[in-house]
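Q: Before we start, could you show me the sequence and the model, so that each term used can be set against what it requires?
A: Here they are; the model is a predicted one.

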Amino acid sequence: MKKNILIIVTILIVAFLFLLTRINLENRAYETSYQTLDGKKVKELMKEKKQFFVIFISSTCSGSPEFMPTLVSNLVKLRKQKIPFLVIADELYNENLDNNLNNYKSLYHFKENIYVLDKDMYETNGGLFNNKTRYNSFLIDLIGENHNIPLAYGIYLYFEDGKFINHNNTVQLNLETNN
């Protein structure tokens, strides 16, 4: 009986270790065709802009069907109101990155440019425990250490005159309050 329990525990440990080394792997040598951004570049792009939005997405987010139709509609509204914005994808760098984003754009009839967080500026994403490390590091770089922004997708960051004002993690963006 003890021998069977030991075998089962050993198998579970080996399976767990296998998962740790195989889930969400990155290939940092992969070069994407999408433009990359870091916090410094974003700060430069929003410099001297009265209003500015930074919006986060991920092609692998299971919640995309809920927030993407509204997000696409909100981007049309931002364009009409001439409010500049960036859409930034938090993606794993691997051979699927470009294909995933291309399919995502097609699925949601997404016409805007998508930028990807710069892999050379931020830590590796991936694994079971650090799958949003790059996203968090970018937020720290852009806003500061105590940013209190949920590491979720469909998040809108609102800036005025280059200064972070607030974030909105609800599906509907109320543009009327940001005029």
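Q: How many residues are in the chain, and what share of the residues is buried?
A: In this predicted model, the chain has 179 residues, of which 42% are buried, a term that requires a relative accessible area under 20%. The chain exposes about 10,400 Å², and carbon and sulfur atoms supply 54% of that area.

Q: What is the order of the helices and strands along the chain?
A: The chain holds five helices and six strands, and from the N terminus they follow one another as α-β-α-β-α-β-α-β-α-β-β.

Q: What is the strand order of the sheet, and which strands stand at the edges?
A: The six strands form an open sheet in the order 1-4-3-2-5-6, with mixed pairing. Strand 1 (36–37) and strand 6 (163–168) each have a single partner strand, so one side of each lacks a neighbour in the sheet, and this places them at the edges.

Q: What makes the pairing of strand 2 with strand 3 and with strand 5 count as pairing?
A: At least two bridges between two strands are required. Strand 2 has five bridges to strand 3, in the parallel sense, and six to strand 5, in the antiparallel sense, so both cases meet the requirement of at least two. Phe53 stands opposite Phe85 in strand 3, while Ile55 stands opposite Tyr156 in strand 5. Tyr156 also has Asn168 of strand 6 as a bridge partner, and strands 5 and 6 run antiparallel, joined by five bridges.

Q: Why is strand 2 called largely enclosed by the rest of the structure?
A: Seven of its seven residues are buried, so the description follows. Gln51, Phe53, Ile55 and Ile57 point one way from strand 2, and Phe52, Val54 and Phe56 point the other way. In a regular strand the side chains alternate between the two faces of the sheet.

Q: How do you know that the length of helix 3 agrees with what is expected of a helix?
A: Helix 3 (residues 64–80) has 17 residues, which at 1.5 Å a residue should span 24 Å, and its end C-alpha atoms are 24 Å apart, so the two values agree. Among its buried residues are Phe67, Leu71, Leu75 and Leu78, and the cover over the buried residues of helix 3 includes strand 2 (51–57), strand 3 (85–89), helix 4 (97–107) and strand 5 (155–160).

Q: Why is Leu97 called buried?
A: Its relative accessible area is 1%, and the term needs a value under 20%, so Leu97 qualifies. Leu97 belongs to helix 4 and touches Tyr30, Thr32, Tyr34, Glu91, Leu92 and Val116, leaving aside residues up to four places away in sequence.

Q: What makes the phi angles of Lys82 and Asp161 noteworthy, and are these residues buried or exposed?
A: Most residues other than glycine have a negative phi. Lys82, in the loop between helix 3 and strand 3, has a positive phi of about 60 degrees although it is not a glycine. Asp161, in the loop between strand 5 and strand 6, is not a glycine either and has a positive phi of about 50 degrees. Exposed requires a relative accessible area over 50%; Lys82 has 72% and Asp161 has 59%, so both count as exposed.

Technical notes. Residues numbered from 1 in each chain as written. Predicted model: local features only at pLDDT ≥ 70, side-chain atom pairs only at ≥ 80, totals over all residues. Heavy atoms only, no water. Helix = DSSP H or I, 4+ residues; strand = E, 2+ residues; numbered from the N terminus. Buried < 20%, exposed > 50% of the residue type's maximum accessible area, 1.4 Å probe, protein only. Areas by Shrake-Rupley, 256 points an atom, 1.4 Å probe, with all protein chains shown as cover. Expected span 1.5 Å × (residues − 1). Contact = heavy atoms within 4.5 Å.
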